[in-house]
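This report describes surface features, enclosed spaces and charged contacts of one protein chain. The sequence and the structure are shown first.

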Amino acid sequence: MSDRHYTFLDLATVNRPFADAINEAAARVIASGRYIGGPEVAAFERQLAESCGSKFCVGTGNGLDALRLIMRAYIELGHMKPGDEVIIPANTYIASVLAVTDNGLIPVFAEPDPRTMNLDTARIGQYLSPRTKAVMTVHLYGRTCYDDRLQAFADANNLKIIEDNAQAIGATAPDGISRTGALGDAAAFSFYPTKNIGALGDAGAVTTDDSDLADAVRAIANYGSDRQYHNIYCGLNSRLDPLQAAIIRAKIPHIDSENLLRRNIAAVYENEIANPAVTKPLFADDFSSVWHQYVVQVDDRESFVAYLAENGVETAVHYPLAPFDQPCYSDKYNPDCPIARRLASRVVSLPVSRCTSPDDASEIAAIINSYNPPVKNDR
């Protein structure tokens, strides 16, 4: 039993370095009198687009809506229709799937690579059908999921590549230059408070180089209107709050430094965890992973999590069920995805935020190295 405590995540600690900038941003918005849209949101959109290398950005109410709006806009523009299929990783967070089904599209669950835990682009061709219109690539846990094989597959089959970039702001492509958010045809961001760059509430955004898509997303998110009291779509209300836009703006210049903190912690885990019962994630010695989560795999998760808790280490599980096994989907889908189901039963997230120092990570690694899994009685 340890007398030390290793916090998984504490948002007050995460936001403390930005407190002055956040307070100034909030005061600026309050004093402006502009509480819907306005210059603060427009400045955020320019700033985010520039940071990821995209031509257009549209702020949205949250990350799920960013994905939903992309799908809906493609339907309104005639690129998709209800009943079309979208290839999607089988081990993603449920929001990725909700965005597909909310628009009457069909998710086709594709197996991940067990080491990267991202969509296995080497196997993606087996999920293609005449109804396939898009691939949603999810940069899960902060690791970029994009390569020439994925792009060639999309180009050869006239498919849209939609990035779920909720967890990987600032990550790079294999070329080391291009950033997530500007790799596919459109990308969705989430600024949920727990993200590497988080708001103080819900917030999201869509980035794209397609002006028609950007215009459609902006209109649909604002009651379907292209100008006041003129509604060209049966839209919804998913506008980015100027207060959240201003807070995110205060953090965007620090994307790389915040991600570097996480990379340094991940490097300690990579170098010092040496327990054969624990499978470490494939380490990326660059910014192709920004380590939104550091996820290990163990056979007996219950005993591992209990052992770490006894030694003061908080953990989390992202995610304990594959999305198609959630109650809302289990009677609709039952794909042959043993890798995704196995990952769901084995993954454990270790502390990797600003709340954890490299010294903390070293101590956590030592604790993990002393873990002995229970002996199974086969008799």
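On the surface of this predicted model, Ile30, Tyr35 and Ile36 form a nonpolar patch. Together the three residues offer about 340 Å² of accessible area. One of them, Ile30, belongs to helix 2, which spans residues 19–32. Ile30 counts as exposed because its relative accessibility is 57%, and the cut-off for that class is over 50%.

**Pockets**

The largest pocket has a volume of about 590 Å³. Its lining is made up of 29 residues. Nearest the centre of this pocket lie Tyr93, Ser190, Tyr192, Lys195 and Tyr319. Several elements contribute to the lining: helix 4 (63–76), helix 5 (94–101) and strand 6 (186–190) each provide at least two residues. By class, the lining of the largest pocket comprises 13 nonpolar, 12 polar and four charged residues.

The second largest pocket holds about 380 Å³ of space. It is lined by 17 residues, and those closest to its centre are Ile36, Gly37, Arg218, Asn222 and Arg239. Ile36 is thus found both in the nonpolar surface patch and among the residues closest to the centre of the second largest pocket. At least two lining residues come from each of helix 3 (39–52), strand 1 (56–60), helix 7 (211–221) and strand 8 (225–227). The lining of this pocket divides into seven nonpolar, five polar and five charged residues.

**Cavities**

In addition to these open spaces, the structure contains five cavities of 30 Å³ or more. The volume of the largest cavity is about 80 Å³. Thirteen residues line the largest cavity, and the closest to its centre are Asn91, Tyr141, His318, Tyr319 and Ala344. Tyr319 therefore appears in two places by the lining rule, in which a lining residue has an atom within 4 Å of a point: it is listed for the largest cavity and for the largest pocket.

Which helix gives the most to the lining of the largest cavity? Helix 11 (residues 338–346) does, with three residues. The lining of the largest cavity has 10 nonpolar and three polar residues, and no charged residues. The linings of the largest pocket and the second largest pocket, in contrast, include four charged residues and five charged residues, respectively.

**Salt bridges**

The count of salt bridges in the model comes to 20. Three of these pairs are set out below, with the separation of the closest N and O atoms.

| Basic residue | Acidic residue | N to O distance |
|---|---|---|
| Arg4 | Asp360 | 3.2 Å |
| Arg28 | Glu40 | 2.7 Å |
| Arg249 | Glu40 | 2.5 Å |

The salt bridge between Arg4 and Asp360 links distant parts of the chain, with the two positions 356 residues apart in sequence numbering. Arg4 sits in the segment before helix 1 (11–15), whereas Asp360 lies in helix 12 (residues 358–369). The two partners fall into separate accessibility classes: Arg4 is partly exposed at a relative accessible area of 35%, and Asp360 is buried at 15%. Asp360 counts as buried because its value of 15% falls under the 20% cut-off.

Glu40 takes part in two of the tabulated pairs, one with Arg28 and one with Arg249. Arg28 is in helix 2 and Glu40 is in helix 3, so their salt bridge ties together parts that are 12 residues apart in sequence. The contact of Glu40 with Arg249 joins distant parts of the chain, since Glu40 is in helix 3 and Arg249 in helix 8 (residues 242–251), 209 residues apart.

Is Glu40 buried or exposed? Glu40 is buried, at a relative accessible area of 12%. Its partners are both partly exposed: Arg28 has 32% relative accessibility and Arg249 has 25%. These three residues and Glu24 are linked in a network of salt bridges.

**A further contact of helix 3**

Helix 3 also carries Ser51. At 24% relative accessibility, Ser51 counts as partly exposed. Ser51 and Ile255 are 204 residues apart in sequence, while their C-alpha atoms are 9.0 Å apart in space.

Methods:
Residues numbered from 1 in each chain as written. Predicted model: local features only at pLDDT ≥ 70, side-chain atom pairs only at ≥ 80, totals over all residues. Heavy atoms only, no water. 1 Å grid on protein atoms, 1.4 Å probe; cavity = no way out; pocket = protein on both sides within 12 Å on 5 of 7 lines; lining within 4 Å. Points joined across faces, edges and corners; volume = space filled by probe spheres on them. Helix = DSSP H or I, 4+ residues; strand = E, 2+ residues; numbered from the N terminus. Nonpolar A, V, L, I, M, F, W, Y, C, P; charged D, E, K, R; others polar. Patch = residues over 30% accessible without salt bridge, like charges linked within 9 Å, V, L, I, M, F, W, Y side chains within 5 Å. Areas by Shrake-Rupley, 256 points an atom, 1.4 Å probe, with all protein chains shown as cover. Salt bridge = Lys/Arg side-chain N within 4 Å of Asp/Glu carboxyl O. Buried < 20%, exposed > 50% of the residue type's maximum accessible area, 1.4 Å probe, protein only.
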